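Here is a note to read alongside the structure, point by point. It begins with the core, goes on to the domains and the ligand, and ends with one strand.

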Amino acid sequence: RSPFTVLGIETSCDDTGVAIVNSDRQIISEAIHLQQQLHEPYGGIVPNLAMSSHQQNLPLVIREALDKANMDIARDIDVVAVTRGPGLPACLGNGLSAGKALAAALRKPLIGVHHMEAHALTARLTQPIPVPFPFLTLLISGGHTLILVAHGVNNYTQLGTTIDDSIGEAYDKTARLLKLPWLKGRGGGPGAALERIAEKGDPKKYKVPIPMTKDKRRKEEMDLSFSGLKTSISNLITNYNLDLDDEDVKRDLASTFQKTAITHLTDKLELAFRWCREKDIKLTALVVSGGVASNKSIRSSLESLATERYNLPLICPPPHLCTDNGVMVAWTGVERFRIGLVDEYIIDHLPRWPI
Ligand code: KG4
Ligand code: ZN
């Protein structure tokens with residue numbers, strides 16, 4: 001195929017992201033509108049507010065991405081890619097309607113993108129050389145906690161997922177429990193605030209159980225669980241009558257939470273590595289992406305696991321491409337269009353869409 005250029009639109013959750021990426025793996029432009037300030041007073045994302053904010057801002061974010069690239073959509077864009085799911089229904093609907101209307105009006109091919117595939121494939125854009133398939137991937141975000149083997153574009157085996165809360169939800173709820181103000185700006189939010197104070201805490205001060213440690217041999221035991229961990233932290237506060245105005249107490253609780261979450265992730269990844277070995281899948285890397293993958297402690301623990309125990313590189317996109325953005329959607333559009341995976345203009349959003 002000759003070189004082509006993709007406009008990508010992401011509105012599955014609370015960030016309105018648009019970007020232009022081409023088949024030579026260049027990010028030509030990127031624009032994003034964050035909604036943190038809108039949701040912080042409620043302590044979490046309010047779907048209706050998120051939806052109306054996308055509705056207001058998406059046209060401007062599309063305009064900004066085109067202006068930054070100095071591109072004319074009719075002349076310079078070949079393909080429109082837009083997140084189709086999973087995510088908040090009304091939010092997805094907004095972006096998808098815009099993407100479909102643009103593509104249909106301009107007679108451009110349309111690609112409906114799976115948000116989690118987009119998180120996984122971003123690692124193939126941001127490395128000097130695209131990470132070859134197959135790779136093991138851990139996707140950790142506000143909506144999902146997934147362990148997958150990526151065999152190729154549109155070809156994944158799901159090894160594990162959370163049976164209750166996602167890891168991002170657990171970070172967010174624990175941050176709320178500790179009454180932490182959100183960190184501001186890109187890469188901010190409640191999870192980042194918890195990471196910040198956890199750095200200075202003592203992870204051994206309190207004892208909490210590591211989730212799901214029974215019977216490590218069974219495949220379904222690659223599933224994860226994070227709601228109990230949040231409850232354990234909440235119980236510590238009640239049972240010991242801990243004073244949340246004491247910064248040391250908050251730091252130690254945050255640190256205990258983060259250490260336990262990391263141990264849980266590494267336990268499950270070990271099982272996944274072992275499963276791949278048994279199946280004789282020759283992995284090239286461990287890819288970790290999604291908003292929580294911007295966490296430095298998680299990155300360094302997973303790096304030790306992958307390099308020291310399995311002799312594989314850990315690959316994480318840069319933090320601003322781990323959280324939701326338009327680049328990951330445009331890039332997935334490139335990957336899919338290359339192999340002819342194009343969608344009809346009538347596609348609907350898929351709020352719950354298995355990968
Ligand atoms: O991928 P993402 O931007 O949106 C979803 O698709 O969900 O992930 C957002 C999640 C939120 O729960 C947020 O608090 C968390 O990622 N997060 C972090 C950090 N930065 C963002 N969690 C822990 N440490 C961080 N540094
Ligand atoms: Zn995401």
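1. Please keep in mind that this is a predicted model. In its largest nonpolar core, which has 96 residues, the members that touch the most others are Val21, Ala65, Ala81, Leu148, Val287 and Ala330. Both domain 1 (5–119 + 322–338) and domain 2 (134–317) give residues to this core, and therefore the core lies between them. As general background, nonpolar side chains in soluble globular proteins tend to be buried together.

2. Val287 is a useful residue to look at within this core, since it is among the members with the most touching partners. When its neighbours within four places in sequence are left aside, Val287 is in contact with Ala120, Ala123, Val131, Phe135, Thr137 and Ile315.

3. The domain assignment divides the protein into domain 1 (5–119 + 322–338) and domain 2 (134–317), and the centres of domain 1 and domain 2, taken over C-alpha atoms, are separated by 27 Å. To the contact between them, domain 1 brings 15 residues and domain 2 brings 22 residues. On the side of domain 1 that touches domain 2, α5 (115–126) and α12 (326–338) each supply at least two residues, and by class this side has 5 nonpolar, 6 polar and 4 charged residues.

4. Where does ligand 1 lie with respect to the two domains? Domain 1 and domain 2 both give residues to the shell around ligand 1, so the ligand lies between them. Of the 19 residues around ligand 1, those that come nearest are Ser141, Gly142, Gly168, Gly191 and Gly291. Both α6 (167–177) and α7 (190–198) supply at least two residues of this shell, with α7 giving the most, namely 4 residues. Sorted by class, the shell around ligand 1 has 11 polar, 5 nonpolar and 3 charged residues.

5. Is strand β1 (residues 5–10) largely enclosed or largely open? Because 6 of its 6 residues are buried, β1 is largely enclosed by the rest of the structure. Thr5, Leu7 and Ile9 point one way from β1, while Val6, Gly8 and Glu10 point the other way, and all are buried. This can be read against the general pattern that side chains in a regular strand alternate between the two faces of the sheet.

6. The pairing of β1 completes the picture. With strand β2 (residues 16–22), β1 pairs in the antiparallel sense over 6 bridges, and a hairpin joins β1 to β2 through 5 residues; the bridge partner of Glu10 in β2 is Gly17. With strand β4 (residues 79–85), by contrast, β1 pairs in the parallel sense over 4 bridges, and Val6 has Val79 as its bridge partner in β4.

Terms used: Residues numbered from 1 in each chain as written. Chains lettered and ligands numbered in written order. Predicted model: local features only at pLDDT ≥ 70, side-chain atom pairs only at ≥ 80, totals over all residues. Core = buried A, V, L, I, M, F, W, Y, C linked by C-beta atoms within 7 Å. Buried ≥ 20, exposed ≤ 12 C-beta atoms within 10 Å, placed from the backbone. Domains from an automatic or database assignment. Contact = placed C-beta atoms within 7 Å. Near = placed C-beta within 6 Å. Nonpolar A, V, L, I, M, F, W, Y, C, P; charged D, E, K, R; others polar. Pairing = 2+ DSSP bridges.
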